[in-house]
Amino acid sequence: MPKLTVEGYGTVDVPAGKRLVLAIQEDAKVDILHACGGNARCTTCRIEFIEGEPTTHTAAEVERLAARSLTGVRLACQIACDHDMTVRAISRLEGSGRPDPGSRPQDAITPEPIWV
Ligand code: FES
């Protein structure tokens with residue numbers, strides 16, 4: 001099982017291949033936002049990698065980060081936990097002023113991933 005470390009929250013085992021946004025929320029118990037429901041549209045699931053950043057992206061992630069001129073962050077909804085990772089949760093419900101984190105992303109990465 002891959003190990004996920006969220007800075008300040010500790011380390012948990014995550015089922016291999018689980019969506020990172022869901023692993024952060026459900027396994028690490030961190031209140032990460034996912035306002036668009038995990039569809040690479042809102043960028044509220046943005047995280048910073050400390051270790052273990054995947055070298056591949058979905059085309060949707062690349063397109064959305066470029067559209068928002070975001071650098072140095074990744075979209076947790078577009079990443080699968082298939083190896084050990086250490087991340088910083090920089091977009092949380094607490095302090096956001098939002099009523100909820102967003103609808104639960106599906107178990108599989110959406111939209112259908114095209115890996116680049
Ligand atoms: S971009 Fe909206 S949840 Fe990831």
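The radius of gyration is taken over C-alpha atoms, and the rule for a globule is 2.2 Å times the number of residues to the power 0.38. Keep that in hand for the first exercise; the model you are looking at is a predicted one.

**Exercise 1. Work out what the radius of gyration says about the protein chain.**

Step 1: The chain has 116 residues, and for that length a compact globule would have a radius of gyration near 13 Å.
Step 2: The protein chain has 13 Å, which agrees with the rule.
Step 3: For a view of the outline, look along the principal axes, where the C-alpha atoms fill a box of roughly 35 × 30 × 25 Å.
Step 4: Turn to the inside: 36% of the 116 residues count as buried. Among contacts with a separation of 6 or more, 72% are between residues 24 or more positions apart.

**Exercise 2. List the elements of the chain, then find which strands stand at the edges of the open sheet.**

Step 1: Walk from the N terminus and you meet the elements as β-β-β-α-β-α-β-β-β. That gives two helices and seven strands.
Step 2: Five strands form the open sheet, with mixed pairing, in the order β2-β1-β7-β4-β5.
Step 3: β2 (10-13) and β5 (74-75) each have a single partner strand, so they stand at the edges and one side of each is left without a neighbour in the sheet.
Step 4: Now zoom in on one pair. β4 (residues 46-51) and β7 (residues 85-89) run antiparallel and are joined by four bridges. Try finding E48 on your screen: its bridge partner in β7 is R88.

**Exercise 3. Decide whether C81 is buried or exposed.**

Step 1: Locate C81 in strand β6 (residues 80-81).
Step 2: A residue is buried if 20 or more other C-beta atoms lie within 10 Å of its own.
Step 3: C81 has 26 C-beta neighbours inside 10 Å, so C81 counts as buried.
Step 4: Leaving out residues up to four places away in sequence, C81 touches several others, including P2, L4, V14 and L20. The C-alpha atom of D13, 68 residues apart from C81 along the chain, is separated from that of C81 by 10 Å.

**Exercise 4. Find how the buried residues of helix α2 are arranged around its axis.**

Step 1: In α2 (residues 59-67), the buried residues are A60, E61, R64 and L65.
Step 2: Looking down the axis of α2, these buried residues fall within an arc of 120°, so they line one face of the helix.
Step 3: An α-helix has 3.6 residues a turn, so residues three or four places apart point the same way.
Step 4: The buried residues of α2 pack against β5, while the face turned away from the buried side carries the exposed A66 and A67.
Step 5: Follow the chain past α2 to S69, where phi is positive, near 55°.

Terms used:
Residues are numbered from 1 along each chain as its sequence is written. This is a predicted model: local features need pLDDT of at least 70, side-chain atom pairs count only at pLDDT 80 or more; totals for chains, interfaces and linings use all residues. Two strands pair if DSSP finds at least two bridges between them. A residue is buried if 20 or more other C-beta atoms lie within 10 Å of its own, exposed if 12 or fewer, and partly exposed in between; C-beta atoms are placed from the backbone. Two residues are in contact if their C-beta atoms, placed from the backbone, lie within 7 Å. The arc is that of the directions from the helix axis to the C-beta atoms.
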